[in-house]
Amino acid sequence: METIINYFETIPSSHRSLILVGGLTFFWLLESGLPLFRFKYKKWQHAIPNLFFTLTTVIINFGLAWMLLGTADWVKANDFGIINWLPEMPLWLYALLGVLLLDFFGAYLAHFVEHKVKPLWMVHLVHHTDHKVDTTTANRHHPIESVIRFAFTLFGVFIVGTPIALVFLYQSLSLIFSQFTHANLKISKKLDKALSYVIVSPDMHKTHHHYRLPYTDSNYGNIFSIWDRLLGTYMYMDREKLVYGVDVFPDEKKNSHIGELLKQPFQKYEKPTLSAESEI
C-alpha cells in the first residue's frame with residue numbers, strides 16, 4: 001500500500017493522461033466486442049461531442065489543480081479533516097476511508113445536488129441527453145459542471161483531510177469507474193448484481209440514465225454503491241427496459257451538436273416525466 005501511495009503522491013501528468021486515454025481505449029474496444037445494446041450509430045461521430053467535453057474537463061481540472069494541491073498540503077500540515085481526527089489506523093484503512101469519503105463529497109453529493117437544484121440540473125442535462133450511452137459518455141460534462149464538480153471535490157479534500165496522494169488515487173479510480181459504468185458493456189446479470197453490493201456496477205448506473213423519473217433521480221454513486229444504499233437512493237431496473245436520454249429533451253440531433261449542448265444549461269427548465277411504474 002505504501003508503494004501505491006508514494007506513486008500517486010508524485011504521479012506524473014503523463015501517467016494521469018495515460019490512465020484517461022488507456023481506460024477509454026480499453027472500454028471502447030471491450031464494448032465493441034461485448035455490446036449491451038447494438039446501437040445503430042457511427043461510433044466515432046457519436047464520440048466527437050463527448051470527447052470535446054472530455055477535453056474541456058481535462059483543461060479545467062488542470063487549470064484549477066493548484067487549488068487541490070494547496071488544500072491537500074494545508075490539511076496535511078495542520079492535521080485537519082475527518083481521517084486525521086480518527087485514531088491511528090493501518091495505511092490501507094486510512095487510504096480506503098479517504099477514497100470512500102471523497103467519493104461521497106466529490107461524486108455522490110455533487111451528483112445529488114445537481115439533480116435537486118434546477119439551475120444545476122440544466123447544467124448536468126448535457127450528460128443525460130446522450131441517447132447512446134457508451135464509455136465516451138463518462139466525461140460528457142458541460143464546462144460549468146466541470147467547475148461545479150471540482151468545487152465539491154475541493155470541499156471534500158478540505159473536510160476529509162486527504163493528502164494529495166489520496167486525491168490523485170481517488171481521481172484515477174473515479175475516472176476508470178466512470179468509463180466502466182458508462183461502457184455499453186454486457187456482463188452477466190448475476191455478476192452485475194453481485195458487484196452492485198460493493199461498487200457501482202454498469203447496470204446500476206445505467207438505470208440512472210433511464211429517460212424518466214424516478215430512475216433518473218437514483219443511483220448517484222460513482223465508485224462505491226454504499227452511499228446510494230445507505231441514503232435510500234438505490235433503484236433497480238431491468239436493463240432490457242432502459243431508454244436513454246431525458247424525455248422532455250428528445251431531439252437527438254440537437255443533443256449531439258456541440259454548439260447546442262453548450263447552450264443547454266440556458267434553456268427553459270423542463271422536469272422529466274414520472275414513470276407510471278417503478279421497481280425498487
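This passage looks at one helix pair and at the enclosed cavities of a predicted model.

Start with the helices. Helix α3 covers residues 43-77 and helix α8 covers residues 164-182, and their axes come within 9 Å of each other. The crossing angle is roughly 135 degrees. That value falls outside the ranges for roughly parallel (under 35 degrees), roughly antiparallel (over 145) and roughly perpendicular (65 to 115), so α3 and α8 are oblique to each other. On the α3 side, the contact is made by Leu68, Leu69 and Ala72; α8 brings in Ile164, Val167, Phe168 and Gln171. Sorted by class, the residues of this contact come out as six nonpolar and one polar, with no charged residue among them.

Now for the empty space. Rolling a water-sized probe over the atoms shows where such space is left. Here, two cavities reach 30 Å³ or more. The largest holds about 40 Å³, and its lining consists of Leu20, Leu24, Thr54, Thr135, Thr136, Ala138, Asn139 and Gln179. Five of these lining residues are polar and three are nonpolar, while charged residues are absent.

The second largest cavity has a volume of about 30 Å³. Around this one sit His46, Thr129, Asp130, His131, Lys132, Arg140, Glu252, Asn255 and Ser256. The class split for the second largest cavity is five polar and four charged, with no nonpolar residue in the lining.

The two helices of the pair also turn up in the cavity linings: Thr54, from the α3 stretch of residues 43-77, lines the largest cavity, and so does Gln179, which belongs to α8 (residues 164-182).

Conventions
Residues are numbered from 1 along each chain as its sequence is written. This is a predicted model: local features need pLDDT of at least 70, side-chain atom pairs count only at pLDDT 80 or more; totals for chains, interfaces and linings use all residues. Side-chain values use heavy atoms; hydrogens and water are left out. Axes are lines fitted to C-alpha atoms, for helices over the stretch in contact, and angles run from 0 to 180 degrees between N-to-C directions. Helices (H or I, at least four residues) and strands (E, at least two) are DSSP runs, numbered from the N terminus. Contact means heavy atoms within 4.5 Å. Ala, Val, Leu, Ile, Met, Phe, Trp, Tyr, Cys and Pro count as nonpolar, Asp, Glu, Lys and Arg as charged, and the others, Gly among them, as polar. On a 1 Å grid over the protein atoms alone, a cavity is a set of points where a 1.4 Å probe fits but cannot get out, and a pocket is an open set with protein on both sides within 12 Å along at least five of seven lines; lining residues have an atom within 4 Å of a point. Grid points are joined across faces, edges and corners, and a volume is the space filled by probe spheres set on the points.
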